[in-house]
Amino acid sequence: MSDMTNSAPGGQVEVSHRMLEDGRKIAIATIDFPPINAGSLAQRTAVLKCFQKLAQNSDLAGVILRGAGNNFVGGADIREFDAPAQAPHLPDVIAAMEACPVPIVAAIDGAALGGGFELALGCDARVATPAALVGLPEVTLGLIPGAGGTLRTSRLIDTAATVELVTSGRRVKAHEALSMGLVDVVVDGEDLLEGAIRQLQSMGGAKRKLKDLPVILAGAEDFEVACQSALRKARGANAVAEAIAAIRDSTTLPSDEALTKERHTSLRLRREPQSKALRHLFFAEKAAMKLPASVTPAKISEVGVVGAGRMGQGIAVAFAQRGFKVLLAEKDPEGLELGLRAIAETAKSLEAKGRIDSASELRARVIGVSLAGMASCDLVVEAIFEDMQVKKKLFSDLEAVLRDEAIIATNTSYLDIDEMASGTRLPGRVAGLHFFNPANVMRLVEVVRAEKTTDSTIAALLNLGRKLGKLPVVARVGDGFIGNRIFAAYRQQCEFLLEEGALPDDIDQAMRSFGFAMGPFEVFDLAGLDIAWAQRKRLAPTRDPRARYVDIADQLCELQRFGKRAGAGWYNYASGKAEPDPLVSALIAAAAKARGVVDPVKTTETIQQRLLAAIVNEAALLLGEGVAQRPSDVDVVMAHGYGFPKLKGGPLHWAAAQPREEVLASIEEMANASGYGIEPAANLAIVLDQVDNV
């Protein structure tokens with residue numbers, strides 16, 4: 001029975017009481033702000049008022065703080081971050097909890113992340129269910145904890161472990177959290193509330209404020225190793241360096257001073273470009289994965305994959321890792337057997353890395369069959385080689401086998417899905433499901449809507465992508481869809497720069513300095529030059545003779561220099577690492593001379609301007625054509641599939657933050673330097689104005 005309720009817009013904190021066997025009374029405070037109990041202004045206000053009232057209750061023996069709806073508190077309300085912080089702030093709430101004269105036990109089910117975990121750290125003990133998830137993921141949004149997360153965590157685990165936890169932003173499952181010391185008890189097979197009450201009784205009425213406990217110092221060497229490892233992985237993320245500084249402060253400053261400094265740093269980081277960029281991507285991902293309105297996605301339980309090559313293997317593993325039964329087909333028995341063997345090896349590797357529990361269980365979920373054996377599938381994904389007629393024949397064969405409700409998806413990177421679907425009896429169930437290589441690792445997947453694809457098919461594939469732990473983004477049919485279309489423009493501009501005298505290493509260094517993990521020519525060599533060569537040969541008959549074409553890559557392929565796996569491509573790999581090659585330099589010098597170049601492009605700034613202009617301009621063009629639904633989808637695709645630095649929020653978010661005149665001028669210069677067929681997008685200004693509308 002509820003004794004007290006603190007209502008606020010969007011929810012309430014309900015307080016009930018229970019009498020214990022020894023006659024003492026405890027309060028049970030339940031935070032109920034659907035759907036995830038996010039730490040909004042209204043929620044903070046309600047929790048603060050709750051504890052202010054409870055502190056005045058002289059006959060209270062303790063408090064249990066829990067969340068409604070199988071969630072403790074899923075983090076702060078990120079929508080508030082662009083506005084000035086409003087009181088009461090989370091540190092005010094935690095201060096009221098610490099001032100409460102009786103012990104408080106956090107009963108954690110579901111997520112206690114970010115501010116939610118800081119709220120739990122403000123309690124005197126923490127009890128969790130096996131389904132609980134705790135952590136401080138603020139760095140993933142360009143922030144650090146702002147309500148004592150760094151200081152209080154270093155009173156539960158040592159400072160090296162605190163650095164790893166805070167700078168990685170990782171979520172920790174309940175049993176690991178128990179072994180680390182982040183929670184006191186995991187109740188398994190018992191009611192959470194009863195377990196929390198027992199923990200409260202065991203405390204004998206004593207408070208245990210973490211901020212007043214001594215810091216747990218790691219060895220000096222271990223701490224520095226953890227710091228340096230975090231900084232290497234950060235790749236320029238300011239929040240990581242600031243988090244480390246806050247953890248150092250927690251060991252040297254008085255607690256209240258360290259808490260105040262941590263709070264000021266967190267609020268400052270909110271206003272900085274990196275946090276704005278990462279928050280943009282956070283909301284962009286949510287928008288991309290949203291299901292079409294008023295459509296119930298069909299259930300997909302059994303999946304078929306046609307093609308047991310590298311891509312088909314990766315797709316099969318991606319499904320099997322998530323518990324799906326996968327039927328795998330290949331045109332010949334030998335190819336199928338090789339594919340199944342490769343999947344078994346991948347499963348062993350995943351088990352060795354701790355990413356799956358059992359290699360044998362994963363392998364058992366993938367069953368080799370003939371095409372006719374796929375009749376029970378709810379979805380079949382084709383991952384055969386890029387030949388339109390072969391794919392159309394396969395689609396026809398699949399239609400003869402599958403139920404009418406089953407979905408047929410193609411993993412094609414470039415081919416026209418409308419043409420593929422044109423020969424089918426039920427084109428509404430045909431769509432693209434473009435995984436990125438390796439399919440079981442890369443999070444991005446493009447869900448491609450063909451002209452006649454139904455909303456229910458799209459909804460089913462979006463829902464499936466989420467179940468796979470992927471990030472699905474809807475695209476329309478167009479050569480290369482979103483990602484490969486932009487990447488092709490990027491590659492083309494890289495080749496133009498070669499013809500103007502820039503060397504691969506010049507270009508790679510320029511883009512790494514911008515924030516890419518790898519330069520474009522390193523990527524080309526890693527992927528293999530033969531793939532793009534085949535694509536260029538496919539398009540050669542339709543290429544406009546007036547368009548500028550650079551054949552240096554073709555010359556390398558004719559010399560069998562197909563990239564890293566071949567031992568040579570744009571770089572030479574004889575030493576085991578990428579080394580500039582005089583042969584490549586000579587080909588570039590000859591091309592520049594033939595073009596009449598007297599002042600080779602070399603500067604980092606010029607290279608960056610040209611390549612970024614090509615990316616942004618192509619993004620605007622495909623948005624104008626309707627290939628992408630919204631600018632934020634482009635940012636998601638480029639950040640998650642093509643290495644565009646997340647700290648800059650994707651190419652369109654980055655461009656929208658630059659002086660508009662400079663962006664337009666750089667695109668004009670890029671188009672002028674490129675020659676026939678490259679035009680500035682007429683809709684660019686409109687696109688940039690829409691960037692943050694997600």
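Which residue forms a salt bridge with Arg79? Keep this in mind as you open the model, which is a predicted one, and begin the tour by selecting Arg79 and showing its side chain. The partner is Asp77, and the closest N and O atoms of the two residues are 3.0 Å apart. Colour the pair by accessibility and you will find that Arg79 counts as exposed, at 65% relative accessibility, whereas Asp77 is buried, with a relative accessible area of 10%.

**Salt bridges between separate parts of the chain**

Next, select Glu98 and Arg152, whose side chains meet in a salt bridge with an N to O distance of 3.1 Å. This pair links distant parts of the chain, since Glu98 sits in helix α2 (residues 90-99) and Arg152 in helix α4 (residues 149-153), 54 residues apart. Both Glu98 and Arg152 are buried.

Move on to Arg443 and Glu285, which also form a salt bridge, here with the closest N and O atoms 3.6 Å apart. Arg443 lies in the loop between β16 (430-435) and β17 (444-449), while Glu285 belongs to helix α11 (residues 273-289), so the pair ties together parts that are 158 residues apart in sequence. Arg443 is partly exposed, with a relative accessible area of 32%, and Glu285 counts as buried at 14% relative accessibility.

Now select Glu499, Glu500, Arg548, Arg595 and Arg610 together, because here you can follow salt bridges that share partners and join these residues into one network. Across the model, the count comes to 43 salt bridges.

**The cysteines**

How many disulfides does the model contain? The count comes to 0, and two selections help to show the reason. Select Cys123 and look for the closest cysteine sulfur, which is in Cys100, and you will find it 10.0 Å away, too far for a bond. Then select Cys494, for which the closest cysteine sulfur, in Cys557, is 15 Å away and therefore also too far for a bond. Cys123 is buried, with a relative accessible area of 0%, and Cys494 is likewise buried, with a relative accessible area of 0%.

**The eight-stranded sheet**

Switch to a cartoon view and find the open sheet of 8 strands, which has mixed pairing and follows the order β13-β12-β11-β14-β15-β16-β17-β18. The edge strands, each of which pairs on one side only, are β13 (366-368) and β18 (471-476). As you look along the sheet, notice that neighbouring strands are turned by 25° against each other on average, direction ignored.

Stay with β17 and β18, which run parallel and are joined by 6 bridges. To find one position where the two strands meet, select Leu444, whose bridge partner in β18 is Leu471. Then add helix α17 (residues 455-467), which lies across β14 (379-382), β15 (407-410), β16, β17 and β18, and which runs at about 175° to β17.

**Two packed helices**

For the last stop, select helix α19 (residues 504-514) and helix α20 (residues 520-527), which pack at an angle of about 110° with their axes 7 Å apart. The two helices α19 and α20 are therefore roughly perpendicular to each other. To see where they touch, show the side chains of Pro504, Ile507, Asp508, Met511 and Arg512 in α19, which meet Pro520, Phe521 and Glu522 in α20.

How values were computed:
Residues numbered from 1 in each chain as written. Predicted model: local features only at pLDDT ≥ 70, side-chain atom pairs only at ≥ 80, totals over all residues. Heavy atoms only, no water. Salt bridge = Lys/Arg side-chain N within 4 Å of Asp/Glu carboxyl O. Buried < 20%, exposed > 50% of the residue type's maximum accessible area, 1.4 Å probe, protein only. Helix = DSSP H or I, 4+ residues; strand = E, 2+ residues; numbered from the N terminus. Disulfide = S-S within 2.5 Å. Pairing = 2+ DSSP bridges. Axes fitted to C-alpha atoms, helices over the stretch in contact; angles between N-to-C directions. Contact = heavy atoms within 4.5 Å. Parallel < 35°, antiparallel > 145°, perpendicular 65-115°, else oblique.
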